[in-house]
Amino acid sequence: MRLLVRIKLAIVSAALTFLILCLFALVVGAFAAGRLRAGFDDELRATAADLQEQLRVERALDGSLEVRAQDLSVIRAAASGGAVIRVLDYHQRVIAPAAAPELGPAREGIVDVGPYRVVSRPLLGTQRVRSEPFGLLETPFASPAGYVQYARPRASVERTIARINLFLALGVIGGTGLAFLGGFLVASRAMRPIARLTGAAREVVRTRDPRVALPKPEARDEVHELAVTLEEMLRELAAARAEVEATLAMQRRFLADASHELRTPLTSVLANLELLEPELSGEEREIARSALRSAERMRRLVADLLALARADAAKEGRNGSRAQRTRVEMGELVREAVAELAPLAEHHELTVDLREPVFVVAERDELLRAITNLVENALVHTPPGTHVRVAVGSEHGTALLVVEDDGPGIPPAAAARIFERFTRGTTEVPGNGLGLAIVRAVAEGHGGSVVLVHRPDPGTRFELRLPSCDEQRAAHAPVAADAQAGR
């Protein structure tokens, strides 16, 4: 589960606070409970001592025992709050009151009996005797005459302890919640500069402009240092990007200029070789033919490089070739391309489907090269006997060229980058890997697209889509006007 940093910091803060408060609550709760129980026991002992001083056990002449209290108010105060007072004789028999609850025998110290906490104290006693000539006399008992038991319910002190524990638990929970909230607020405030940096980084991703100024916090802290470092990095990246773009532009200009300059000497070489080849014989004629084939390949390579250079220049807005576009019929270009590739199609079953005329506004030579490359790609990369179909039509306001075959198809690994430059499907077939790259450059330069359509059965299907003549005229009114004027 993905958690924000501020949430993680708040959770850590709350967890540490919870542990500290729990330890504090345990210590305070144990100390408070001990003090309450000790105070309860001290009060129990003090009251029992007061009762010991106030009560006397007297034995009457008939031998019965009676309990006499010196101050009844002390007795009534001790018996309040649910307390129990019970007097036993020396033989642990109850003297008074008769209805007192069972508290067990009198024992030293404080004991728990049922719901009560009980303390026992010995009582002094006197007995009445007849003596001559003094009459009735009272003499003290030689040993304790009985015991007083004082008991109070433990529920009161336990309720107090429970309330303290409840308050401590609520304090732990409340403190933890406040720690979470405080940690979240502090973390949110601390993460606010980082959030602004993230927004600036997203803006850089969207615009691809590394010259964006990054927001910096006023405090000279780690976030400020990070923002400064990132800004310096972006500046260096922008400088490196400018250098790379300048180098690439220089390379493209050199490629375009070199390709353009090579066309004239290559044309001259080809013309001379074509004139020289019939005049030679034997081995010299074969050498001339080999040189002628090499020159033809070089001419095609130079033409391909020049086409790519022009496409790159068009993307940069340095090409004014749109003014040279005319209204052309795609079926006518397909016939011309098929006628040019007739020698390659000798061992293939080539079908051309031109049911309706389809017009586009395009540079004729560039579009012819793209169509030729698509058809040549199908013929060269399929075994003999393969059926190749070329069809032209219109669909949803676009001109559609379909080139498909029932050959072995293109492996998935190669299909992902089939339109990249210098990509070759196999090394067994000669080529420079620029044919489909030129097709894509021409299609995109004319506002269209070319795609490799995946088929369930073996084979390959390419679809080249261009704006139809009407659609392109609406998008490029000046070009359409020029086309109308040229007809």
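Which strands does helix α7 (residues 364-380) lie across? In this predicted model, helix α7 lies across β13, β14 and β16 (460-467), and the helix runs at about 25 degrees to β14. Helices (H or I, at least four residues) and strands (E, at least two) are DSSP runs, numbered from the N terminus. Axes are lines fitted to C-alpha atoms, for helices over the stretch in contact, with angles from 0 to 180 degrees between N-to-C directions. Residues are numbered from 1 along each chain as its sequence is written, and side-chain values use heavy atoms, with hydrogens and water left out. As the model is predicted, local features need pLDDT of at least 70 and side-chain atom pairs count only at pLDDT 80 or more, while totals for chains, interfaces and linings use all residues.

Confidence comes next. The protein has a mean pLDDT (the predictor's confidence in each residue, from 0 to 100) of 81, and 86% of its residues reach 70 or more. Two stretches call for some care in reading. Over residues 319-323 pLDDT stays under 50, and the model has nine contacts (heavy atoms within 4.5 Å) beyond four places in sequence for them. For residues 471-487, where pLDDT also stays under 50, there are 16 such contacts beyond four places in sequence.

The sheet beneath α7 can now be described. It is an open sheet of five strands with mixed pairing, in the order β11-β13-β14-β16-β15; two strands pair if DSSP finds at least two bridges between them. At the edges are β11 (349-354) and β15 (449-453), each of which pairs on one side only. On average, neighbouring strands of this sheet are turned by 15 degrees against each other, direction ignored. Within the sheet, β13 (residues 387-395) and β14 (residues 398-405) run antiparallel and are joined by eight bridges. One residue pair to look for is A391 with its bridge partner V402 in β14.

A further helix, α9 (residues 435-445), lies across β15 and β16, running at about 135 degrees to β15. Two packed helices are described by the angle between their axes and the distance between the axes. For α7 and α9, the axes come within 9 Å and cross at roughly 140 degrees. The two helices are therefore oblique to each other; angles under 35 degrees count as roughly parallel, over 145 as roughly antiparallel, 65 to 115 as roughly perpendicular and the rest as oblique. The crossing of α7 and α9 is left-handed, meaning that the near helix is turned anticlockwise from the far one by less than a right angle, whereas clockwise would be right-handed. From α7, the contact is made by E366, L367, R369, A370, N373, L374 and N377, and from α9 by G435, L436, I438, V439 and V442. By class, these are seven nonpolar, three polar and two charged residues. Ala, Val, Leu, Ile, Met, Phe, Trp, Tyr, Cys and Pro count as nonpolar, Asp, Glu, Lys and Arg as charged, and the others, Gly among them, as polar.

Helix α7 also meets helix α6 (residues 330-340): their axes come within 9 Å and cross at roughly 55 degrees. That angle makes α6 oblique to α7, and the crossing is right-handed. On the α6 side the residues are M330, E332, L333, V334, E336, A337 and E340, which meet R364, L367, L368, I371 and T372 in α7. The contact of α6 with α7 has seven nonpolar, one polar and four charged residues.

A second sheet lies elsewhere in the sequence. Five strands form this open sheet in the order β4-β3-β9-β6-β5, with antiparallel pairing. Its edge strands are β4 and β5, each pairing on one side only, and the twist averages 35 degrees from one strand to the next. Eight bridges join β6 (residues 116-123) to β9 (residues 146-153), and these strands run antiparallel; here L123 has G146 of β9 as its bridge partner.

Helix α1 (residues 5-54) lies across β3 (84-89), β5, β6 and β9, at about 30 degrees to β6. The axes of α1 and α3 come within 8 Å and cross at roughly 160 degrees, and the two helices are therefore roughly antiparallel to each other. Their crossing is right-handed, and the contact residues divide into 25 nonpolar, eleven polar and three charged.

Two backbone details complete the picture. A cis peptide bond, with omega about -15 degrees, joins A96 and P97, and P97 is in the loop between β4 (94-96) and β5 (110-113). R208, a residue other than glycine, has a positive phi near 55 degrees and sits in the loop between α3 (155-207) and α4 (222-276).
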